[in-house]
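Please open the structure in your viewer and set it to a cartoon display. The stops below proceed from one helix to its neighbouring strands and then to a sheet.

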Amino acid sequence: MPGFLSLSTDQVAAFVELARHGNLRRAARVLHITEQGVRNRLLALEERLGVELYHKRRGPRRGQPLTEHGRQFLPHATAFVERGNQLAELFGQAGESHEIHVAATQYLILYVLIDAVRRFHRAFPRIHVRLSNQTEQEIEEALLKNPDLAFGVAAPYESSPELEYLHLFSMGWSLITPLHHPLLRKKKVSLQDLTDVPLILFERGSTGRQHVVDAFHGQGLSPRVDMETTNTEIIVRMVEAGLGVSIVPLMPSGAVTRGHRVTARHLGEEIRPIHSGILFRRGERRAAASQAFIDFLLPGERHKLAERHRNK
């Protein structure tokens with residue numbers, strides 16, 4: 001019966017940093033060792049595993065530095081290093097801070113995550129959350145390509161089968177118009193009423209745009225789209241300036257339109273609600289810091305989690 005394969009955490013960590021940063025020089029800088037030190041660890045790891053993990057060509061290199069074996073080994077290596085860090089934390093050997101990288105859409109950063117991160121930092125001062133603003137499609141692509149990205153927060157229209165979705169909340173749709181717009185004279189506004197009205201919608205390829213277009217087409221209607229832009233805040237300003245009306249998902253708090261000279265009117269159930277949640281790689285073991293932030297975002301869980309942490 002063969003013995004257990006013994007791997008060095010330092011060697012596996014060198015491989016993970018090479019995958020994250022793309023070359024030996026940046027990996028060495030993160031690990032605070034020389035390039036030759038990184039190379040020696042990787043060669044020893046390859047010898048132990050009996051496979052080539054990365055391409056050895058010198059000079060400028062474009063594209064993926066890992067071999068096919070390296071790509072297969074990467075998720076296991078990442079989990080190995082994370083588990084080692086968790087064990088060190090468990091026994092009080094690692095007091096350093098942790099950083100987790102989270103990608104999210106601008107809407108969710110502005111109206112959900114900024115406040116959530118502020119409260120999370122208060123409860124978990126040793127965990128730093130780094131937010132980056134991306135579209136839904138960019139978030140999905142980054143999760144599949146970048147192992148340094150912990151997870152995404154978005155409203156996916158149809159997520160990749162390689163990703164898992166954890167629901168956070170849903171939002172209904174509202175019509176927003178300038179003050180005293182003729183449409184406001186109606187007791188109830190329908191999509192039929194909006195077919196000849198100049199609309200300002202989200203850009204093509206976004207989940208929000210697709211929800212609205214699908215609703216019109218489902219009733220045999222074609223919306224008149226005069227303008228499109230990337231985010232809700234700009235849409236609100238365009239409507240306020242009298243450039244058209246728009247259909248957007250709004251937070252119940254009213255934070256999106258507060259302070260602007262616009263009126264919001266709920267559109268009922270004509271448009272399918274937009275569901276927002278957490279996207280992460282299917283089957284991947286998450287680091288303790290990432291899981292803590294995910295738990296904090298879940299409705300009803302954040303306060304219990306923070307209280308448990310304070311009582312340790």
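Begin just after helix α8 and select glycine 242, which follows α8 and has a positive phi, near 85°. Helices (H or I, at least four residues) and strands (E, at least two) are DSSP runs, numbered from the N terminus. This is a predicted model, in which local features need pLDDT of at least 70 and side-chain atom pairs count only at pLDDT 80 or more, while totals for chains, interfaces and linings use all residues. Residues are numbered from 1 along each chain as its sequence is written, and side-chain values use heavy atoms, with hydrogens and water left out.

Move next to the other end of the helix and select asparagine 231. A side-chain oxygen of this residue lies 3.1 Å from the backbone nitrogen of glutamate 233, capping the N-terminal end of α8; a polar contact is a pair of N or O atoms within 3.5 Å, and within protein one must be able to donate a hydrogen and the other to accept it, residues adjacent in sequence counting only if both atoms are side-chain atoms.

Now select residues 232-240, the whole of α8. Thr232, Ile235, Val236, Met238 and Val239 are buried here (under 20% relative accessible area; exposed is over 50%, partly exposed in between; 1.4 Å probe, protein chains only). They lie on the same side of α8, because they cover an arc of only 160° around the axis, taken from the directions from the helix axis to the C-beta atoms. Their cover includes α5 (106-123), β5 (173-178) and β8 (245-249), contact meaning heavy atoms within 4.5 Å.

Select β8 next. Five of its five residues are buried, so this strand is largely enclosed by the rest of the structure. Val245, Ile247 and Pro249 point one way, and Ser246 and Val248 the other.

Which strands pair with β8? β5 does so in the antiparallel sense over four bridges, with serine 174 opposite valine 248. β6 runs parallel to β8 and is joined to it by two bridges; there, leucine 199 stands opposite valine 245. Two strands pair if DSSP finds at least two bridges between them.

Finally, display the open sheet of five strands, whose order is β2-β1-β3-β10-β4, with mixed pairing. Its edge strands, β2 (127-133) and β4 (163-171), each pair on one side only. Within the sheet, select β3 (residues 149-154) and β10 (residues 274-281), which run antiparallel and are joined by three bridges. Glycine 152 has leucine 279 of β10 as its bridge partner.
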